[in-house]
Amino acid sequence: MSPSSAAAFLRFTFWTLLISPAVSLTCSTQKFNKNQVFSTCIDLPSLSSYLHFTYDSPIATLSVAFVATPPKSGGWIAWAINPKATGMVGSQALVAYKNSTTGVPVVRTYDISSYSSIVPKDLSFAVWDKTAESRSDGSLVIFAKIKVTADLAASGKINQVWQAGPGVGDGGMLVKHEFASANLQSKGTLDLKNGHTSGSSGGDTTIKKKNIPGYAIGVAGWGIGLKLGSESPGIMYSGHRNIGIALFVLATVQVFLESQCK
């Protein structure tokens, strides 16, 4: 491989590793059928799920739109608050799926006291304006407004859990979801005031680690390009150079911004 080919390959690898994770983050581009708008959106770190929300602190009301895709066409999605723990057991869940007769998406509430019987049940807190919509990409959206309890409102943080499963049985009995890594990691703490989420999922960490090796490769490619340029006086490929400069600047900005995020 010639030096110029090596430099081109390094720059291409750099672009693929570094930029691809960034463009996969899509919650900010999502639109809803009724044009609902929320103050914050988060790309959740597992199950390709997204949370849009607005928290009205003075009246402790949380408006949410949760977006996820069931693993099968007749499957379900769920977003839940667990008032006292971090897992699914004990969580108060909003579940959406398509009605088997009409095909219209519906939202049901589930008090998940155990895994042995997961059927519709009222929640321990007030919830209203529950609706759902289906999207052309196969995903479902759960809309709801929730009254945040006094203790959670005081802390400004809630334990959230999200999930997706393959089907719904008689009486709204949910077919168990998979227990793969992504399913087991679909939980975290949501900061209502600052719009941050954290949890056991390694999605954000993985992307940052991937970006760092990508950036290192890019720097190496940049250095090779500068070296080759210095050895070729009078020869300049302006378009190639400008693209390289643009990519390097964008990558540097992205890595810098990520290093500032908590």
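## A guided tour from the aromatic cluster to the nonpolar cores

The count of aromatic pairs in this structure comes to two. The model is a predicted one.

**Aromatic rings.** Select Phe32 and Phe38 to begin. Their rings form an edge-to-face pair, 6.1 Å centre to centre, with 90° between the planes. Both Phe32 and Phe38 are buried. Now add Phe143, which forms an edge-to-face pair with Phe32 at 5.2 Å centre to centre and 80° between the planes. This second pair links distant parts of the chain: Phe32 lies in the loop between α1 and β1, Phe143 in strand β8, and 111 residues separate them. Phe32 counts as buried at 5% relative accessibility, and Phe143 counts as buried at 6%. Through these ring pairs, Phe32, Phe38 and Phe143 are linked into a cluster.

**The disulfide.** Next, select Cys27 and Cys41, whose sulfur atoms are 2.1 Å apart in a disulfide. The link is right-handed, with 65° about the S-S bond. Cys27 lies in the loop between α1 (3–23) and β1 (40–43), and Cys41 in strand β1, so the disulfide ties together parts that are 14 residues apart in sequence. Are the two cysteines buried or exposed? Cys27 is buried, with a relative accessible area of 4%, whereas Cys41 is partly exposed at 27%.

**The sheet.** From Cys41, extend the selection to the open sheet of five strands, which runs in the order β1-β2-β3-β8-β7 with antiparallel pairing. Strands β1 and β7 (127–134) stand at the edges; each has a single partner strand, so one side of each is left without a neighbour in the sheet. On average, neighbouring strands are turned by 15° against each other, direction ignored. Within the sheet, display residues 61–68 (β3) and 140–147 (β8), which pair in the antiparallel sense over eight bridges. Here Leu62 stands opposite Ile146 in β8.

**The nonpolar cores.** Keep Leu62 and Ile146 selected and add Phe66, Trp79 and Leu94: of the 30 residues in the largest nonpolar core, these five touch the most other members. The elements giving two or more residues to this core are β2 (50–56), β3, β4 (76–82), β5 (91–98), β8 and β9 (157–165). Centre the view on Leu94 to inspect its contacts, which include Trp79, Val107, Leu123, Ile142 and Ile146. Another core, of 13 residues, lies apart from the largest one; select Trp76, Met88, Val95 and Ile118, which are among its members.

Definitions and conventions
Residues numbered from 1 in each chain as written. Predicted model: local features only at pLDDT ≥ 70, side-chain atom pairs only at ≥ 80, totals over all residues. Heavy atoms only, no water. Disulfide = S-S within 2.5 Å. Helix = DSSP H or I, 4+ residues; strand = E, 2+ residues; numbered from the N terminus. Buried < 20%, exposed > 50% of the residue type's maximum accessible area, 1.4 Å probe, protein only. Pairing = 2+ DSSP bridges. Axes fitted to C-alpha atoms, helices over the stretch in contact; angles between N-to-C directions. Core = buried A, V, L, I, M, F, W, Y, C linked by side-chain atoms within 4.5 Å. Contact = heavy atoms within 4.5 Å. Phe/Tyr/Trp six-rings, centres within 6.5 Å; stacked < 30°, edge-to-face > 60°. Lists of a residue's contacts leave out its neighbours within four places in sequence.
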